[in-house]
Amino acid sequence: MVSFYPGPSRVHDDVPAYVKDAYKEGILSQNHRSDAFMKMAEKTVRLLKHKLDIPQNYKIYFTSSATECWEIVAQSVVTQVSYHLFSGAFGEKWYDYTRRIRPGATAMPFDREAELNPAKLKLGRSKGVICITQNETSNGTQVSMDTLKALRKRHPSRIIAVDATSSMAGVDLDFKAADIWLASVQKCFGLPAGLGLLVCSPQALKEAFKINERNHYNSLPFLNDMMNKWQTSCTPNVLGIYLLMRVMKDTKHIGDVHKKTMQRYQLWESWLESRSNMHHLIKNKAVRSLTVLPIEATPDAIATVKSKAAKAGFLLGEGYGDLKPTTFRIANFPALKKKEIEGLMKTLS
Ligand SMILES: *Cc1c(COP(=O)(O)O)cnc(C)c1O
């Protein structure tokens with residue numbers, strides 16, 4: 001079964017061989033305070049920065065999931081107010097989890113067809129972290145890099161935190177446009193679930209050290225103290241980090257990966273335009289995600305399509321939440337192969 005689910009999704013073909021290598025190299029029983037682990041952590045961070053174009057002065061932390069990263073941001077960076085700009089379920093969940101830790105969290109929902117306009121944004125106070133879901137996996141929309149850059153320009157001293165869980169490693173992100181980026185590896189990285197990444201700018205760390213919240217095993221200042229020694233505050237997903245290192249070593253630079261994502265996205269878009277029984281859920285092309293395609297159809301058509309796909313060996317993504325009865329989703333993640341995409345298109349045609 002080839003999984004087109006937008007996470008967990010198809011893993012890279014080489015993953016089974018890498019797991020074997022990890023076993024042979026003794027990684028699976030490696031102590032996380034050992035020199036070997038520290039070297040691996042350092043190398044993984046170096047590869048991530050190089051391949052994804054993350055500024056050298058940003059820091060990267062290993063977590064267990066994107067959800068954990070949401071809570072780290074709430075605990076260690078938000079303290080009082082945060083503004084959550086979202087058009088879908090993941091952004092809303094981030095708001096909801098933050099609100100339970102920091103009651104000052106403020107929801108600023110917007111229509112999924114709408115392009116965010118930083119000039120029109122009214123943020124109450126001079127303080128407060130801006131939280132944005134760059135790629136909203138639930139409804140297949142995205143906030144463009146131009147919008148993020150414009151937001152950065154208008155709010156140079158605010159902390160901007162971005163959930164890029166379903167776009168990091170698939171789309172060329174301009175890391176300088178925000179202070180905190182979070183993701184997990186079961187989407188565009190093409191890896192098994194259980195590892196999250198938190199990327200922080202010097203400005204974000206400065207703020208975290210000013211607040212100096214240290215009540216939790218995953219308080220950001222503590223994570224930073226540990227990462228200065230290439231270590232983590234708890235026993236991490238050592239195999240996950242190893243697999244990430246191997247995949248990052250093999251992958252092309254994000255500029256090239258982005259081009260591939262874009263070409264395949266355009267292939268899907270024109271294919272969809274030629275369908276009569278289904279269409280892209282999002283009418284505004286300017287906000288369509290490059291990595292998650294939400295497709296709207298009648299419940300009957302969806303049932304037919306799903307069973308046809310399953311028979312041909314393809315798993316489609318369910319619609320998310322309220323959209324479940326009337327949509328399904330297709331991942332456009334780098335680990336999927338061209339012939340699999342063509343196979344799925346043929347099956348659905
Ligand atoms: C999948 C996803 C998450 C949750 O990721 P976990 O690794 O399960 O915590 C958060 N945000 C977005 C946008 C996602 O797509």
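Select E340 and display its contacts, meaning heavy atoms within 4.5 Å. Leaving aside neighbours within four places in sequence, E340 touches V2, F4, R10 and F314. The residue belongs to helix 11 (residues 338-348); helices (H or I, at least four residues) and strands (E, at least two) are DSSP runs, numbered from the N terminus. E340 is buried because its relative accessible area is 10%, where buried means under 20%, exposed over 50% and partly exposed in between, with a 1.4 Å probe and protein chains only.

The model is predicted, so that local features need pLDDT of at least 70 and side-chain atom pairs count only at pLDDT 80 or more, while totals for chains, interfaces and linings use all residues. Residues are numbered from 1 along each chain as its sequence is written, and side-chain values use heavy atoms, with hydrogens and water left out.

**Helix 11 and its surroundings**

Extend the selection to the whole of helix 11. Its buried residues are E340, I341, G343, L344, M345, T347 and L348. They pack against strand 1, helix 9, helix 10 (299-311), strand 13 (314-315) and strand 15.

**I330 and L293**

Next, select I330 in strand 15 (residues 327-331). With a relative accessible area of 0%, I330 is buried. Beyond four places in sequence, I330 is in contact with F4, W268, T291, V292, L293, I295, L316, L344 and L348. Two of these contacts, L344 and L348, are also among the buried residues of helix 11. For a pair separated in sequence, add G140: its C-alpha atom is 9.3 Å from that of I330, although their positions lie 190 residues apart along the chain.

From I330, move to its contact L293, which is found in strand 12 (residues 292-296). L293 counts as buried, at 0% relative accessibility. Not counting residues up to four places away in sequence, L293 touches Y265, W268, L272, H280, F328, R329, I330 and N332. W268 therefore deserves display here, as a contact of L293 and of I330. The C-alpha atoms of L293 and T141 are 8.5 Å apart, and the two residues are 152 residues apart along the chain.**The ligand site**

Now centre the view on the ligand. Which residues come nearest to the ligand? Of the 14 residues around the ligand, these are T67, T137, D163, S184 and K187; a residue is counted as near if one of its heavy atoms lies within 4 Å. By class, this shell has 3 nonpolar, 9 polar and 2 charged residues. In that scheme Ala, Val, Leu, Ile, Met, Phe, Trp, Tyr, Cys and Pro count as nonpolar, Asp, Glu, Lys and Arg as charged, and the others, Gly among them, as polar. Helix 3 (residues 66-78) gives the most to the shell, with 3 residues.

Show the side chains of S184, K187 and T165 for the polar contacts, here pairs of N or O atoms within 3.5 Å. A polar side-chain atom of S184 is 2.7 Å from an oxygen atom of the ligand. The side chain of K187 has an N or O atom 2.7 Å from a ligand oxygen atom. For T165, a polar side-chain atom lies 3.4 Å from a nitrogen atom of the ligand. Taken alone, the ligand exposes 390 Å², of which the protein buries 87%; these areas come from the Shrake-Rupley method with a 1.4 Å probe.

**Helix 2**

Select residues 35-52, which form helix 2. At 1.5 Å a residue, its 18 residues should span 26 Å, and the end C-alpha atoms are 26 Å apart, which agrees; the expected span is 1.5 Å times one less than the number of residues. Buried residues of helix 2 include F37, M38, M40 and A41. Their cover includes strand 2 (59-63), strand 10 (196-200), helix 7 (220-227), helix 8 (238-250) and helix 9 (254-273). Helix 2 is followed by D53, with a positive phi near 65 degrees.

**Backbone exceptions**

Most residues other than glycine have a negative phi, and most peptide bonds are trans. Select T79, in the loop between helix 3 and strand 3 (82-86); T79 has a positive phi of about 50 degrees. At 32% relative accessibility, T79 counts as partly exposed. N212, in the loop between helix 6 (202-211) and helix 7, has a positive phi of about 55 degrees. N212 is partly exposed, at 36% relative accessibility.

End the tour at P8, in the loop between strand 1 (2-3) and helix 1 (15-24). A cis peptide bond joins G7 and P8, with omega about -15 degrees.

Key
A polar contact is a pair of N or O atoms within 3.5 Å; within protein, one must be able to donate a hydrogen and the other to accept it, and residues adjacent in sequence count only if both atoms are side-chain atoms.
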